[in-house]
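Reader: I would like to go through a model feature by feature. Please give the general idea where there is one, then the case at hand.

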Protein chains: 2
Amino acid sequence: MNALTPLSEATALPLTCAGLLPFDHPLFAGLPLSDIAEIASVMSCYRFKDDALIAADDVPLVGIILAGAVARIAKQWDQVSTVGLLLPNDLLILEGPRTAAIHPEAVGLTEILGCSAPEFDALLRRFPKLQLNYLDLVASELQATREWYTLLGRKTAPERVATLILKLSRHSDHPDSPVIDLRLTRDRIGTLLGLKMETVSRQIRAFAKLGIIALFSPTKIEVLDHGALMHATGDVWREKTML
Amino acid sequence: MNALTPLSEATALPLTCAGLLPFDHPLFAGLPLSDIAEIASVMSCYRFKDDALIAADDVPLVGIILAGAVARIAKQWDQVSTVGLLLPNDLLILEGPRTAAIHPEAVGLTEILGCSAPEFDALLRRFPKLQLNYLDLVASELQATREWYTLLGRKTAPERVATLILKLSRHSDHPDSPVIDLRLTRDRIGTLLGLKMETVSRQIRAFAKLGIIALFSPTKIEVLDHGALMHATGDVWREKTML
DNA sequence: CGTACGGTTGAGCTCACTCAATAAGGGTGG
DNA sequence: CCACCCTTATTGAGTGAGCTCAACCGTACG
């Protein structure tokens, strides 16, 4: 299990996924196309299957998540807990010198456009503008993280669950379909939100009972009443932001 | 109240505080002394009194905290809550484009070596090495923030209080004296840790009753049994890090 | 057909919150 | 110096959200 599964020797991938290469990603803002092409030539499109540990040849991977999701897993003693969730378009970033015991793990079939940490470091040194963009993104991430956890620390169980569902619904893989796939087990949602599996289950069922969401299967849901869900997050007063 | 109080027109301050200029701060790592001097010439030593809103001419301030502490205050609706605490040697950083409703506020008499955000931005563009250092620091901060809040979200009230006391004891202004000054009211500690004032009071008194700490006044304490306090944080299994 | 794993549901308990009353400082003005 | 006020801290009693423990269901898979 947890086998490393980068897309088989597909270094030529930049061409393959050029069609979906996010030129408009903030990471590339203000860079001339020629530079982007050069950067992209260093990056590859990695594909991971469910639960795969995300790394390139045992080296940390830096990159943009194209599809799927990445869970940040902390293993302490014998219990694992999910301490963060990265969604498409998010940046999988380097986290300073200390690696700590936190590892990224794929949730569902996941594609990442990226390169190894040392390679990325070289890119940063070569393209100052890229470095500035990266800095901005890391800073934004820092702020988002602070908001996320700060609010989580103060939210009730239903508020936390509502917040997560809303977040996931906004990052749905299929914006055309109203049905979204949580992709996470109750237990994983629990560790992510600091709740117990049973509590998560109860909250989700309660929302379903209230008609706020529809439950097709444990992980397939549809948001029926966005307003009510929004209200349930307890964030009504701030309306916007909150990713 | 909350009046802006930079050290009166003291732009010449770099010389004044040169003695305590943290040349060894990671922000300046690897920079030639000449560059550091040049950077320092742009920075000034700001001094804020208790509860002062930290800013330079209404512009966000970036810099290194030399003494005192900075609370990150979020004002939402009519209630304020402390969502973070920065201690000496910490970096007061820019947090991406969005400013959000979070403002830094001085806790006690606080000194900051820094400059306005635009000025700092210019410095970053001028000294690539400074930019790399800053990036590393922001990334580290991100990781530390994630750990901090992640753990907070899962900790019990006594664990949270123990964690804060330990953190404060490690950043004591007077390493010679065993007595540390919390500088924060019970209410502020409460908003910082996601607890109620009464709960904070109860936990602190409980630690005192157990002989783990000594209480000289509500804010002046001494850690008598570091081991027990460490154990009370619930972090025994990871021993180190945890700032 | 049985086993396993994820999900659901119920009963009881605990910890932190709420409400409320009381103390302890710390200034300020007489 | 003392009386007073205002903020902060302490302490108690009762409540409730979320946890624990435990049983049960449903689907996938060998």
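Author: The turns below take up a helix pair, a DNA surface and a sheet. The model is predicted.

Reader: How should the packing of α5(B) and α7(B) be read, and at what angle do they pack?

Author: Two packed helices are described by the angle between their axes and the distance between the axes. Here α5 (residues 157–170) and α7 (residues 197–209) of chain B pack at about 70°, and their axes are 9 Å apart. Angles from 65 to 115 degrees count as roughly perpendicular, and α5(B) and α7(B) are therefore roughly perpendicular to each other.

Reader: Which residues in α5(B) and α7(B) meet?

Author: From α5(B) come A157(B), P158(B), V161(B), A162(B) and I165(B); from α7(B) come T199(B), Q203(B), I204(B) and F207(B). By class, the residues of this contact are seven nonpolar and two polar, with no charged ones.

Reader: Which residues come nearest to DNA strand C?

Author: There are 17 residues around DNA strand C, and R186(A), S201(A), R205(A), A157(B) and T199(B) come nearest. Of the atoms of DNA strand C that come within 4 Å of the protein, 72% belong to sugar and phosphate. A157(B) and T199(B) also take part in the contact of α5(B) with α7(B).

Reader: Where do phosphate oxygens of DNA strand C lie relative to polar atoms of T199(B), G194(B) and K196(B)?

Author: For T199(B), a polar side-chain atom lies 2.4 Å from a phosphate oxygen of the strand. With G194(B), a polar backbone atom is 3.5 Å from a phosphate oxygen, and with K196(B), a polar backbone atom is 3.3 Å from one. The elements that give two or more residues to the surface near DNA strand C are α7 (197–209) of chain A and, in chain B, α5 and α7.

Reader: Which element gives the most to that surface, and how do its residues divide?

Author: α7(A) gives the most, with five residues. The residues of the surface near DNA strand C are five nonpolar, five polar and seven charged.

Reader: What is the strand order of the open sheet in chain B?

Author: Strands of a sheet pair through backbone hydrogen bonds, either parallel or antiparallel. In chain B the three strands run in the order β6-β8-β7, with antiparallel pairing. β6 (179–181) and β7 (213–215) of chain B are at the edges with a single partner strand each, so one side of each has no neighbour in the sheet. From one strand to the next, the twist averages 35°.

Reader: How many bridges join β6(B) and β8(B)?

Author: β6(B) pairs with β8 (residues 220–223) of chain B over three bridges, in the antiparallel sense. I180(B) has I221(B) in β8(B) as its bridge partner.

Technical notes. Residues are numbered from 1 along each chain as its sequence is written. Chains are lettered from A and ligands numbered from 1 in the order in which they are written. This is a predicted model: local features need pLDDT of at least 70, side-chain atom pairs count only at pLDDT 80 or more; totals for chains, interfaces and linings use all residues. Side-chain values use heavy atoms; hydrogens and water are left out. Axes are lines fitted to C-alpha atoms, for helices over the stretch in contact, and angles run from 0 to 180 degrees between N-to-C directions. Helices (H or I, at least four residues) and strands (E, at least two) are DSSP runs, numbered from the N terminus. Angles under 35 degrees count as roughly parallel, over 145 as roughly antiparallel, 65 to 115 as roughly perpendicular and the rest as oblique. Contact means heavy atoms within 4.5 Å. Ala, Val, Leu, Ile, Met, Phe, Trp, Tyr, Cys and Pro count as nonpolar, Asp, Glu, Lys and Arg as charged, and the others, Gly among them, as polar. A residue is near a molecule or strand if one of its heavy atoms lies within 4 Å of it. A polar contact is a pair of N or O atoms within 3.5 Å; within protein, one must be able to donate a hydrogen and the other to accept it, and residues adjacent in sequence count only if both atoms are side-chain atoms. Two strands pair if DSSP finds at least two bridges between them.
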